[in-house]
Amino acid sequence: MKSYEHDGVDLEDGKTGKSGDKPIQRKIHNRALLSGLAYCISSCSMILVNKFVLSSYNFNAGIFLMLYQNFVSVIIVVGLSLMGLITTERLTLRLMKVWFPVNVIFVGMLITSMFSLKYINVAMVTVLKNVTNVITAVGEMYLFNKQHDNRVWAALFLMIISAVSGGITDLSFNAVGYAWQIANCFLTASYSLTLRKTMDTAKQVTQSGNLNEFSMVLLNNTLSLPLGLLLSFSFNEMDYLYQTPLLRLPSFWMVMTLSGLLGLAISFTSMWFLHQTGATTYSLVGSLNKIPLSIAGIVLFNVPTSLQNSASILFGLVAGVVFARAKMREKS
């Protein structure tokens with residue numbers, strides 16, 4: 001894959017093509033390191049905080065949690081836009097109609113992720129998420145006639161083995177949680193497969209003819225609010241929310257708000273990191289990021305594990321890294 005280039009600067013390699021520009025090189029490396037660190041921290045923290053809210057607090061309203069997080073994101077993005085710090089597209093009815101189908105998948109992806117985290121430990125969630133790559137690769141082959149080389153298929157095969165072996169050796173196996181996670185994998189793959197086409201169509205109905213990342217964040221989160229509210233009523237979460245004492249705890253609202261801020265932070269830091277480096281480094285760091293996340297999930301939540309299960313988790317994480325490297329070579 002070609003590196004991200006700007007004004008003659010190769011941000012992937014941190015080189016400018018001029019041997020004497022070492023201060024610029026150092027500045028680029030520092031920005032890339034800082035953005036990568038911010039992305040890793042926000043990504044890991046988001047999953048761990050969600051797990052804490054749903055499991056440690058035993059909060060049984062995952063849809064409401066998603067709804068509140070998206071509401072926080074909308075408030076912050078709108079505020080930044082009004083202050084002139086960012087630019088966003090006007091949310092017209094035509095634009096929302098074009099984006100609504102992919103938003104339904106987006107909401108389903110978030111909700112199934114919440115439900116799976118409630119029942120499955122963080123380490124196994126990260127391993128099972130590899131199934132998304134398998135579904136996406138098959139979808140690309142049948143929908144877009146895209147062919148993958150043998151290295152990619154070998155990595156995907158390793159992912160399937162790790163997911164199956166991880167589930168078999170999981171001491172805290174929960175069938176409901178695994179069902180939610182498999183549904184999440186299908187929805188996540190569907191979202192990635194349909195997003196590109198929807199973005200191209202949406203650009204045609206915007207006033208500027210463009211749709212930046214901030215506009216997509218605002219569009220996704222705004223459209224998710226009425227849909228999430230409807231689903232929350234359908235799942236009888238409002239009755240639970242009326243009765244639970246958790247909503248009367250200031251500390252609980254602080255943690256909920258923190259999760260919303262982290263959700264928005266992932267959007268911003270991922271865009272920043274991608275801009276400073278490139279898609280290849282971004283993909284590899286995303287795979288490597290699962291390793292400390294899995295370890296932290298096991299340690300922080302006292303997850304019962306065995307040697308076989310730990311080996312399966314490690315095998316799955318390594319398979320994810322192998323897959324990222326195989327995709328890099330395939331695209332290059």
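Author: The expected span of a helix is 1.5 Å times one less than its number of residues. Keep that handy, and keep in mind that this is a predicted model.

Reader: Okay, what makes the span of helix 6 close to the expected one?

Author: Helix 6 covers residues 150-169, which is 20 residues. Its first and last C-alpha atoms are 29 Å apart, against an expected 28 Å at 1.5 Å a residue.

Reader: And how do you know that the buried residues of helix 6 line one face?

Author: Start with who is buried: Val152, Ala155, Leu156, Met159, Ser162, Ala163, Gly166, Gly167 and Thr169. Look down the axis of helix 6 and these buried residues fall within an arc of 165°, so they line one face. As a rule, an α-helix has 3.6 residues a turn, so residues three or four places apart point the same way.

Reader: Which exposed residues sit on the face of helix 6 turned away from the buried side?

Author: That face carries Asn150, Phe157 and Ile168.

Reader: Arg151 is in helix 6 too. Why is Arg151 called partly exposed?

Author: Its relative accessibility is 44%. Buried needs under 20% and exposed needs over 50%, so a value in between is partly exposed, and Arg151 gets that label.

Reader: What does Arg151 touch, leaving aside neighbours within four places in sequence?

Author: Ala326 and Arg329. Arg151 also has its C-alpha 7.9 Å from that of Phe323, although 172 residues separate the two along the chain.

Reader: Why does Leu314 count as exposed?

Author: Leu314, in helix 13 (residues 307-331), has 51% relative accessibility. Exposed means over 50%, so Leu314 counts as exposed. Its C-alpha is 9.1 Å from the C-alpha of Ser294, 20 residues away along the chain.

Reader: Now Thr198 in helix 7. Why is Thr198 called buried?

Author: Thr198 comes out at 13% relative accessibility. The cut-off for buried is under 20%, so Thr198 is buried. Not counting residues up to four places away in sequence, Thr198 touches Val98, Trp99 and Val102.

Reader: Last one: what makes Val138, Tyr142, Leu143 and Phe144 a nonpolar patch?

Author: A patch takes residues with over 30% relative accessible area and no salt bridge, and nonpolar side chains are joined within 5 Å. Take Phe144, in helix 5 (residues 130-144): it has 48% relative accessibility and counts as partly exposed. Together, Val138, Tyr142, Leu143 and Phe144 have about 450 Å² of accessible area on the surface.

Methods. Residues are numbered from 1 along each chain as its sequence is written. This is a predicted model: local features need pLDDT of at least 70, side-chain atom pairs count only at pLDDT 80 or more; totals for chains, interfaces and linings use all residues. Side-chain values use heavy atoms; hydrogens and water are left out. Patches are made of residues with over 30% relative accessible area and no salt bridge: like charges are joined within 9 Å, nonpolar side chains (Val, Leu, Ile, Met, Phe, Trp, Tyr) within 5 Å. Accessible areas come from the Shrake-Rupley method with a 1.4 Å probe; for residues, only the protein chains shown count as cover. A salt bridge is a side-chain nitrogen of Lys or Arg within 4 Å of a carboxyl oxygen of Asp or Glu. Helices (H or I, at least four residues) and strands (E, at least two) are DSSP runs, numbered from the N terminus. Buried means under 20% relative accessible area, exposed over 50%, partly exposed in between (1.4 Å probe, protein chains only). Contact means heavy atoms within 4.5 Å. The arc is that of the directions from the helix axis to the C-beta atoms.
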